[in-house]
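Let's take a walk through this fold, one helix pair and one loop at a time. Keep the viewer open and follow along.

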Amino acid sequence: MTVAVDDIVAREARHVLQTYKRNPVTLVRGQGVRLFDADGREYIDLLSGIGVAAIGHAHPGLARAIADQAQTLIHTSNLFYHPLQGELAERLATLSGLPRAFFCNSGTEAVEACLKFARRFWFTQGAPRSEFIALDESFHGRTFGSLSVTSDPHYREPFEPLLPTVKFVKTNDPAALAAAVSSSTAAIIAESVLGEGGIKPLTPVFAAAIKDACAKTGALFIADEIQSGLGRTGWPFHFQALGLKPHLVSVGKALGGGVPIGAALISQEVADTIKYGDHGTTYGGNLLACRAALFVLGEIFDRGAAENVKKVGAVFKARLGAMAVKHKIVKEVRGSGLMWGVELNRDAAAVVPAGLAEGVIVNRTAETVVRLLPPLVITDAEADEGLSRLDAALDVVGART
Ligand SMILES: Cc1ncc(COP(=O)(O)O)c(C=O)c1O
């Protein structure tokens, strides 16, 4: 099949709402950690479609599971039982320690559900609390609730007024958190590793301050694990690395391996306050999405991907550490497992096209950070090849100044 790239681009320009500034590459095929464009060029994907393709592209087992489910039954609505939602909820409960799940279709919906369930909890206590505390480099999504707890004015301003009862505190500043949280706080919400904010893990001291503030005021804690969860840092969820015990957890991205599905995971204490009809969605947890998610979780936690993260994570750490020494433009390397940020001493935007030219896909976040979220199944050899291409891209960008 000949793909007329110019036609694809021109048709999008005419008919697709221009909310995304795309890279000038048309991807048509994937295999494992590799992507191929319409001209047949090959790329090593160190981004996974922003943390989604955790088990790689075109995984034959996932493709079979999806095809089989599509030929059996895709959707029933939540008016009926089907066999897979309970199974997936049980699997997530075992992984997270939170006994209940609400299924939705994206990350922002998972956050939205967590915010609503936190409010519902306090409403049920007969002492409603409306306030949320969020971090000043947070990103939680684009719907009104999630956007309200997202800090970046660039995302917020055109849509204000948002929820009025949100206070932002400095990331990893325990004193600022302690000063902000009070008996009016419904919940503190934080990413265990800030993703869009530049791959910044919560520090153990800040995690302890969250625990302390919740214990003192009764505020709930919502861990946003949409980017950092499901094996990405080697843990089922990164809050576990920090010794945190959230009341609510938002999950998305990798869960369906590309089939849209999100989930809010809920403690029993919060779940006890939710009544029939309090929340819902037509597609949430349909058979196709649950089947995909069960397969993906099997690959990550039963068939070796999470173990692989620990092994290849060490390769990333060593190679990126060496790059930080070699390249003058690299200021700092942060991360763990297969979630890494390479902070430059300048805008990192130029690294993306330079990477594409070298055959590697990365992205820029928080202006100065090159973000790496490779598939969790990447091998040592593929990591080495992908990082060599990134190294070459940094050479090109560094040589320009
Ligand atoms: C931590 C975090 N929360 C929420 C979201 C929103 O998820 P979605 O884009 O699926 O709505 C994202 C997306 O990047 C994210 O990284």
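**Helices side by side**

Helix α13 crosses α15 in a right-handed sense. Bear in mind as you look around that this is a predicted model. To find the pair, pick out residues 305-326 for α13 and residues 380-399 for α15; their axes come within 10 Å and cross at roughly 20°. That angle is why α13 counts as roughly parallel to α15. On the α13 side, the residues that meet the partner helix are Val312, Val315, Phe316, Arg319 and Met323, and they face Asp380, Ala383, Asp384, Leu387, Asp391 and Leu394 on α15. Sort that contact by class and you get 7 nonpolar and 4 charged residues, with no polar ones.

Next, move to helix α12, residues 287-302, and look for α3, residues 60-72, packed against it at about 155° with the axes 9 Å apart. Anything over 145 degrees counts as roughly antiparallel, so α3 is roughly antiparallel to α12. The crossing of α3 over α12 is right-handed. From α3, the contact takes in Gly61, Leu62, Ala65, Ile66, Gln69 and Ala70, while α12 brings Leu287, Leu288, Arg291, Ala292, Phe295 and Val296. The tally here is 9 nonpolar, 2 polar and 1 charged.

Stay with α12, since α4 (residues 83-96) packs on it as well: the two axes come within 9 Å and cross at roughly 35°. Which hand does the crossing of α4 and α12 have, left or right? It's left-handed. Leu84, Gln85, Glu87, Leu88, Arg91 and Leu95 of α4 make this contact with Leu287, Cys290, Arg291, Ala293, Leu294, Leu297 and Phe301 of α12. By class, that comes to 9 nonpolar, 1 polar and 3 charged residues. Leu287 and Arg291 are worth clicking on: they're among the α12 residues in the contact with α3, and they turn up in the contact with α4 too.

Now back up along the chain from α12 into the loop that joins it to α11 (268-271), and you'll find Asp278. Is Asp278 buried or partly exposed? Its C-beta has 13 neighbours inside 10 Å, so it counts as partly exposed. Asp278 is also a good spot to see the chain fold back on itself: Arg120 is 158 residues away in sequence, yet the C-alpha atoms are 8.5 Å apart.

**Around the ligand**

Arg120 falls within the span of helix α5, residues 107-124, and this helix gives the largest share of the shell around the ligand, with 3 residues. The shell has 15 residues, of which Gly107, Thr108, Gly141, Ile226 and Gln227 come nearest. By class it splits into 4 nonpolar, 8 polar and 3 charged residues.

**Loops worth a closer look**

Phe139 sits in the loop between β5 (131-135) and α6 (144-148). It has 26 C-beta neighbours inside 10 Å, so Phe139 counts as buried. Leaving aside residues up to four places away in sequence, Phe139 touches Thr150, Gly195, Glu196 and Gly197. Compare it with Arg129, which is 10 residues away in sequence but 23 Å away in space, C-alpha to C-alpha.

A few backbone details round off the tour. In the loop between α7 (153-156) and β6 (166-169) you'll come to Pro161. The peptide bond leading into it from Glu160 is cis, with omega near 5°.

Further on, Asn172 lies in the loop that links β6 to α8 (174-180). Its phi is near 60°, which is a positive value in a residue other than glycine. With 20 C-beta neighbours inside 10 Å, Asn172 counts as buried; the threshold for that label is 20 or more.

Ile199 also has a positive phi without being a glycine, near 55° in this case. Look for Ile199 in the loop between β8 (193-194) and β9 (200-201). Ile199 counts as buried because 27 other C-beta atoms lie within 10 Å.

Methods: Residues are numbered from 1 along each chain as its sequence is written. This is a predicted model: local features need pLDDT of at least 70, side-chain atom pairs count only at pLDDT 80 or more; totals for chains, interfaces and linings use all residues. Axes are lines fitted to C-alpha atoms, for helices over the stretch in contact, and angles run from 0 to 180 degrees between N-to-C directions. Helices (H or I, at least four residues) and strands (E, at least two) are DSSP runs, numbered from the N terminus. Angles under 35 degrees count as roughly parallel, over 145 as roughly antiparallel, 65 to 115 as roughly perpendicular and the rest as oblique. A crossing is left-handed if the near helix is turned anticlockwise from the far one by less than a right angle, and right-handed if clockwise. Two residues are in contact if their C-beta atoms, placed from the backbone, lie within 7 Å. Ala, Val, Leu, Ile, Met, Phe, Trp, Tyr, Cys and Pro count as nonpolar, Asp, Glu, Lys and Arg as charged, and the others, Gly among them, as polar. A residue is near a molecule or strand if its C-beta atom, placed from the backbone, lies within 6 Å of it. A residue is buried if 20 or more other C-beta atoms lie within 10 Å of its own, exposed if 12 or fewer, and partly exposed in between; C-beta atoms are placed from the backbone.
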